[in-house]
Amino acid sequence: MSALDVEDFILQNRAVADQVETFRGYWESEKHWQARREFILRNISEYDQEQLDHLLSLSMVWANNVFLGCRYSTELLEKVKEMAEGIVVEDAPVFKTRDEIMKKQQGR
């Protein structure tokens, strides 16, 4: 689902879109929320109402990885990256591990 498809989905499924808006955290910037909202909307049809918390957790894992550099198991990151395929986050931060920083400093 592209960004335009997401907007079409919202227009055609107002009740679902309104429900998704309630999932925004007060700490989320507009940029952060728009990306996470797209993640949720792209995947919501795959989850029953009882599984919604699981989808929201996966959306937070993805957003935390993209925006904060949080790390998770390889399997979990592969799953959320697959779920987020096609979501474009402009000017996403780039994170370096301690080992990468140390290696660069030793090379000087």
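How exposed is Glu30, by relative accessibility? I looked this up to get started, and Glu30 comes out as partly exposed, at 46% relative accessibility. A reminder to myself before going on: the model is predicted.

**Entry 1: the overall build**

I began with the secondary structure and found six helices and zero strands. Reading along the sequence, I noted the pattern α-α-α-α-α-α. I then checked burial across the protein, which has 108 residues, and buried ones make up 36% of them.

**Entry 2: the nonpolar core**

Next I turned to the inside. In soluble globular proteins, nonpolar side chains tend to be buried together. Here I looked at the largest nonpolar core, which holds 24 residues. Which of its members touch the most other members? I wrote down Val20, Phe39, Ile40, Leu55, Trp62, Val80 and Val89. I also asked which elements give two or more residues to this core. They are helix H3 (30-43), helix H4 (52-68) and H5. The largest share comes from H4, with nine residues.

**Entry 3: salt bridges**

How many salt bridges does a search of the whole structure find? The search gives four, and I followed up three pairs.

I went back to Glu30 and found its side chain in a salt bridge with that of Arg24, at 3.1 Å from N to O. Arg24 is partly exposed, with 32% relative accessibility, and Glu30 is partly exposed too, at 46%.

My second pair was Arg36 and Glu28, whose side chains meet in a salt bridge at 2.6 Å, N to O. Are these two residues buried or exposed? Arg36 counts as buried because its relative accessibility is 3%, under the 20% cut-off for burial. Glu28 is buried as well, with a relative accessible area of 4%.

My third pair was Arg42 and Glu38, where the closest N and O atoms of the salt bridge are 2.8 Å apart. How far apart do they sit in helix H3? They are four residues apart, so about one helical turn separates them. I noted that both Arg42 and Glu38 are buried.

**Entry 4: a charged patch on the surface**

Then I looked at the outside. Which residues gather in a patch of negative charge on the surface? I found Glu75, Glu78, Glu82 and Glu85 there. I picked Glu78 for a second look, and it lies in helix H5, which covers residues 74-83. Glu78 has a relative accessible area of 53%, and it counts as exposed because that value is over the 50% cut-off.

**Entry 5: partners far along the chain**

Last, I checked a few pairs that are separated in sequence and asked where they stand in space.

I started with His32, which has its place in helix H3. His32 is buried, at 9% relative accessibility. Between His32 and Asn64 there are 9.6 Å in space, C-alpha to C-alpha, and the two are 32 residues apart in sequence.

Ala63 was next, and I found it in helix H4. What is its relative accessible area? The value for Ala63 is 0%, so this residue is buried. Its partner on my list was Trp33, 30 residues away in sequence, with the C-alpha atoms of the two 8.8 Å apart.

I finished with Ala92, which sits in the loop between H5 and helix H6 (98-106). Ala92 is partly exposed, with a relative accessible area of 31%. Its C-alpha atom is separated from that of Phe67 by 6.5 Å, while the two residues are 25 apart along the chain.

Technical notes:
Residues are numbered from 1 along each chain as its sequence is written. This is a predicted model: local features need pLDDT of at least 70, side-chain atom pairs count only at pLDDT 80 or more; totals for chains, interfaces and linings use all residues. Side-chain values use heavy atoms; hydrogens and water are left out. Patches are made of residues with over 30% relative accessible area and no salt bridge: like charges are joined within 9 Å, nonpolar side chains (Val, Leu, Ile, Met, Phe, Trp, Tyr) within 5 Å. Accessible areas come from the Shrake-Rupley method with a 1.4 Å probe; for residues, only the protein chains shown count as cover. Lys and Arg count as positive and Asp and Glu as negative; His and the chain ends are not counted. The place of a charge is taken as NZ of Lys, CZ of Arg, CG of Asp or CD of Glu. Buried means under 20% relative accessible area, exposed over 50%, partly exposed in between (1.4 Å probe, protein chains only). A nonpolar core is a set of buried Ala, Val, Leu, Ile, Met, Phe, Trp, Tyr and Cys residues joined through side-chain atoms within 4.5 Å.
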